[in-house]
Every structure is written in C-alpha cells, then in structure tokens.
Amino acid sequence: MRRTALVLLALTAFTAIPTAATAAADIQAGKALFTTRCASCHHVGRNARAGFGPQLNGIFGRAAGGTSDFQYSEAMRASKVVWSHDTLRAFIHSPGKVVPGTKMRFWGLSDDKQISDLLAYLQTFQ
Ligand code: HEC
C-alpha cells in the first residue's frame, strides 16, 4: 500500500514538472526581454521591416535567410535551417553553434525560461 502511494507520488511529481514549465511561459516577460535584448536589431509587428537584423514576423516555419529586404550572411543563406521551436531555442542560446559564421552579434541567452518566454512572445506574431 505504502509503496503504491510512493510510486504514485513520484509519478505525479515527474509529470507535473514539464507541464508547469510550458504553462509558465510568460508573453509579457518575453516582450520585455525582446525589447531589451533583440529590438535594437529586430522588428516585429505591423510594418516590421529589416533594420540591423531581419524582421521576425511569422518566424516559426520560415526558412533561415528567408526575408527579401535583408542582406544575410552567406552562412545564414546556406544554412538550410528552418526555424522551429527547437532550432530557434538552440540559435538564441548560441547563434554561432547553429549557424557558424552568422553575422548576428549576440552572445546568446543561457536561461531556458527566458528563451521560452521570448518564443511565446514571438509566437504572437505568427
Ligand atoms: C546586434 C544585433 C542583433 C541582436 C541584438 C539580435 N540579433 Fe538576431 N540577427 C541579427 C542579424 C544581423 C541577423 C542576420 C544574421 C546573418 O545573416 O547571418 C540576425 C538573425 C536572426 C534570426 C534569423 C532570421 C532569419 O530571417 O533567418 C533570428 C531568428 C534572430 N536573429 C533572432 C534574434 C533574437 C530572438 C534576438 C534577441 C534574443 C536577437 N536575434 C538579437 C542581429 C541581431
């Protein structure tokens, strides 16, 4: 009896963690992060266009180097990356590892929660 209860407890603990992490992605926090960490180079929203970096509307499912009003690096154009949750997460974490030779000058974010928040915010521009 006690054993069953313990196993059940362990199971709920395990299943609760990933759900909590996903549900906790915070669009407002992502917006604040985008404003301080990305917006000096990237635009999103209506009338977004290339600035120091390409605009990021509809980024999920977009091919890397896919906008027509930005001059990408050869590395980005040749990368054949398609932006998804996974590739974006990896790129934001360390741009040069996903696209070696990219001209995006950004050290990367190491905090997974911050990246989730950022992605939740970018998702609102799909
Ligand atoms: C200092 C300017 C700068 C900052 C800050 C910056 N980026 Fe970039 N980003 C660029 C440039 C320039 C490119 C194009 C890179 C290339 O062509 O190699 C780029 C490319 C990208 C791409 C690929 C877009 C495409 O069309 O393929 C994504 C996604 C991206 N950045 C996301 C972000 C996010 C999210 C942040 C904030 C966490 C950020 N960037 C911060 C300059 C920047």
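This passage walks through a predicted model of a protein chain with its ligand, going from the overall fold to single residues.

The overall layout is a good place to start. The protein chain contains six helices and zero strands, and reading along the sequence gives the pattern α-α-α-α-α-α. The chain has 126 residues, of which 14% count as buried. Contacts across the sequence also help to describe the fold. Taking the contacts with a separation of 6 or more, 44% join residues that are 24 or more positions apart.

The nonpolar core comes next. In soluble globular proteins, nonpolar side chains tend to be buried together. In this model, the largest nonpolar core is made of twelve residues, namely L33, L56, I59, A64, L88, F91, I92, V99, I115, L118, Y121 and L122. Two helices, α4 and α6 (residues 112-123), each supply at least two residues of this core. Helix α6 gives the largest share, with four residues. F91, one of the core residues, is in contact with V98 and V99 once its neighbours within four places in sequence are left aside.

Helix α6 also packs against helix α2. The axes of α2 and α6 are 7 Å apart and meet at an angle of about 95°. Angles of 65 to 115 degrees count as roughly perpendicular, so α2 and α6 are roughly perpendicular to each other. On the α2 side, the contact is made by I27, A29, G30, K31, L33 and F34, while α6 brings Q114, D117, L118, A120 and Y121. Sorted by character, the residues of this contact comprise seven nonpolar, two polar and two charged. Readers may recognise L33, L118 and Y121, which are listed in the core and also in the contact of α2 with α6.

The surroundings of the ligand form another part of the picture. Around the ligand there are 29 residues, and the closest are C38, C41, G53, S73 and M104. Three helices, α2 (27-38), α3 (74-78) and α4, each contribute at least two residues to this shell. The largest share, three residues, is supplied by α4. The shell is made up of 18 nonpolar, eight polar and three charged residues.

Helix α4 deserves a closer view through R89. This residue sits in helix α4, which covers residues 85-93. R89 has 16 other C-beta atoms within 10 Å, and is therefore partly exposed; the partly exposed class lies between 12 or fewer for exposed and 20 or more for buried. Not counting residues up to four places away in sequence, R89 touches I115 and L119. R89 and L119 are 30 residues apart along the chain, yet their C-alpha atoms are separated by 7.8 Å.

A similar meeting of distant positions can be followed at G108. G108 belongs to the loop between α5 (95-98) and α6. Because 15 C-beta neighbours lie inside 10 Å, G108 counts as partly exposed. Beyond its neighbours within four places in sequence, G108 is in contact with I92, H93, S94 and P95. The distance from G108 to F91, C-alpha to C-alpha, is 7.8 Å, with their positions 17 residues apart in sequence. In helix α6 itself, Q123 offers a further example. Q123 and I59 are 64 residues apart in sequence, and 8.0 Å apart in space from C-alpha to C-alpha. Q123 is partly exposed because it has 14 other C-beta atoms within 10 Å.

Finally, two loop residues have a backbone angle worth pointing out. N47, in the loop between α2 and α3, has a phi near 65°, a positive value in a residue other than glycine. N47 counts as exposed because it has 7 C-beta neighbours inside 10 Å, and the exposed class takes in 12 or fewer. K80 lies in the loop between α3 and α4 and has a positive phi of about 60°, although K80 is not a glycine. With 9 other C-beta atoms within 10 Å, K80 is exposed.

Methods:
Residues numbered from 1 in each chain as written. Predicted model: local features only at pLDDT ≥ 70, side-chain atom pairs only at ≥ 80, totals over all residues. Contact = placed C-beta atoms within 7 Å. Near = placed C-beta within 6 Å. Nonpolar A, V, L, I, M, F, W, Y, C, P; charged D, E, K, R; others polar. Core = buried A, V, L, I, M, F, W, Y, C linked by C-beta atoms within 7 Å. Axes fitted to C-alpha atoms, helices over the stretch in contact; angles between N-to-C directions. Parallel < 35°, antiparallel > 145°, perpendicular 65-115°, else oblique.
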